[in-house]
2 protein chains.
Amino acid sequence: MAGVWDNLVTSILGLPGVGPKMAERIALHLLRKKDCADFLQRSLTEARTRMRRCLICGDYMETSSAPTPCTRCLDPQRETHLLCVVEETGDLAALERSRSFRGGYHVLGGVLSALDGIGPEELRIESLLDRVRENRTEEVILATNPTVEGETTAAYLPDLLKSAGVRVTRLAAGLPAGSAIQYADEHTLAQAVTGRRDMN
Amino acid sequence: MAGVWDNLVTSILGLPGVGPKMAERIALHLLRKKDCADFLQRSLTEARTRMRRCLICGDYMETSSAPTPCTRCLDPQRETHLLCVVEETGDLAALERSRSFRGGYHVLGGVLSALDGIGPEELRIESLLDRVRENRTEEVILATNPTVEGETTAAYLPDLLKSAGVRVTRLAAGLPAGSAIQYADEHTLAQAVTGRRDMN
């Protein structure tokens, strides 16, 4: 079972969150279940052909033509003076589900990461600055994740945005809804204390 | 992000051990990393074209032609009077790594499972009986997993094999090497006690 099998396992091992045992299990599954393998190959080919980043916000969208702006960017109902900067599509989708924001989005396509060799040029930062300048954006909300890389990326942007005279804010950090203080980690608790709000 | 994206996520969700969040993460990864998606598609296509079950033992083998016997089945050095029955390729590979067995193998291609609708006809049982009869096998070692389905399958086979007048054995159950009795689960300990060996 050399060559071909090893390649299949290696290619699956490259997917996020998949370890060696799981990769072998998936590879075997794909060899045994013709339907599953057919469906995966078909849907992956189709998605890679038809999913494109929106020319404006960078979100993935389904299109049969060359890249265009997505329906959200063309929606006149969205507030244009607010711009929410996210790492990736999934973050945008989660914010939309929360129905807490009706402005525009800008997808960076990742975060700064020295470890993965991702610098500012790899992210959609230039187009963010262009957008802010051209649209006279009033506020940019930095909605990168509260991880080391997300915080680093959020800390890097305000200086660049200053020249555009725009207000820059960051999503609040603190206790998640429905959680228990008893089980919260120290870092979250420290942020909840530091960011405490006046009640009167 | 309807249709095409949903199909991609659904097809990934069908893989063993992958949950909804992980499926979205993998789908996004495949859209973003062209190299990874290329590699997966190429290796999967190639594996599905070139990996075939050996005509005799049922193990997966790499071949560019129609199904043939694998090199192990054709090896004159292997003991032919011993036949080890396993569920799948991975079990066979693990036994080979243990260097504890030099006989032939027979891959069932799964286990009996009422839940998954897998009956005896879905497994390579008929070809097992044919092999045992034709080769005058002396001993069949049942090496299905010590799970409910594996035990059920192992319990189903002896009656069928009886007519061939062959000795049927089962892999020993007990404490794994290097483990601690203190932390062993009750079921394993009970099997270790029941299956205790004489030391003199």
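In this predicted model, chain B contains an open sheet of four strands, arranged in the order E4-E3-E5-E6 and paired in the parallel sense. Strand E4 (104-107) and strand E6 of chain B stand at the edges, and because each has a single partner strand, one side of each is left without a neighbour in the sheet. From one strand to the next, the twist averages 25 degrees.

The pairing of E6(B) with its partner can be followed in some detail. Strand E5 (residues 139-142) of chain B joins E6(B) in the parallel sense over four bridges, and within this part of the sheet B:Ile141 stands opposite B:Thr169, a residue of E6(B).

Helices of chain B lie against these strands. Helix H7 (residues 148-162) of chain B packs on the sheet, where it touches E3, E5 and E6 of chain B, and its direction makes about 170 degrees with that of E6(B). Helix H5 (residues 89-98) of chain B lies across strand E3 (82-86) and E4 of chain B, and runs at about 160 degrees to E4(B). The table sets out these two helices with their angles.

| Helix | Strands touched or crossed | Angle |
|---|---|---|
| H5(B), residues 89-98 | E3(B) and E4(B) | about 160 degrees to E4(B) |
| H7(B), residues 148-162 | E3(B), E5(B) and E6(B) | about 170 degrees with E6(B) |

Beyond strand E6 (167-170) of chain B comes a loop that leads to helix H8 (186-194) of chain B, and B:Ser179 lies in this loop. B:Ser179 counts as partly exposed because its relative accessibility is 38%, a value between the limits of 20% and 50%. The side chain of B:Ser179 reaches the backbone oxygen of B:Pro176 at 2.7 Å.

Elsewhere in chain B, two helices pack against each other. Helix H2 (residues 20-32) of chain B meets helix H3 (residues 34-50) of chain B at an angle of about 100 degrees, with their axes 5 Å apart, so H2(B) is roughly perpendicular to H3(B). On the side of H2(B) the contact is made by B:His29, B:Leu30 and B:Arg32, while H3(B) contributes B:Lys34, B:Cys36, B:Ala37 and B:Leu40. Sorted by class, this contact has four nonpolar, one polar and two charged residues.

In chain A, helix H2 (residues 20-32) holds A:His29. Is this residue, A:His29, buried or exposed? A:His29 is buried, because its relative accessible area is 16%, and buried means under 20%. Leaving aside residues up to four places away in sequence, A:His29 touches A:Cys36 in addition to B:Gly14, B:Leu15 and B:Pro16 of chain B.

Terms used:
Residues are numbered from 1 along each chain as its sequence is written. Chains are lettered from A and ligands numbered from 1 in the order in which they are written. This is a predicted model: local features need pLDDT of at least 70, side-chain atom pairs count only at pLDDT 80 or more; totals for chains, interfaces and linings use all residues. Side-chain values use heavy atoms; hydrogens and water are left out. Buried means under 20% relative accessible area, exposed over 50%, partly exposed in between (1.4 Å probe, protein chains only). A polar contact is a pair of N or O atoms within 3.5 Å; within protein, one must be able to donate a hydrogen and the other to accept it, and residues adjacent in sequence count only if both atoms are side-chain atoms. Two strands pair if DSSP finds at least two bridges between them. Axes are lines fitted to C-alpha atoms, for helices over the stretch in contact, and angles run from 0 to 180 degrees between N-to-C directions. Contact means heavy atoms within 4.5 Å. Angles under 35 degrees count as roughly parallel, over 145 as roughly antiparallel, 65 to 115 as roughly perpendicular and the rest as oblique. Ala, Val, Leu, Ile, Met, Phe, Trp, Tyr, Cys and Pro count as nonpolar, Asp, Glu, Lys and Arg as charged, and the others, Gly among them, as polar.
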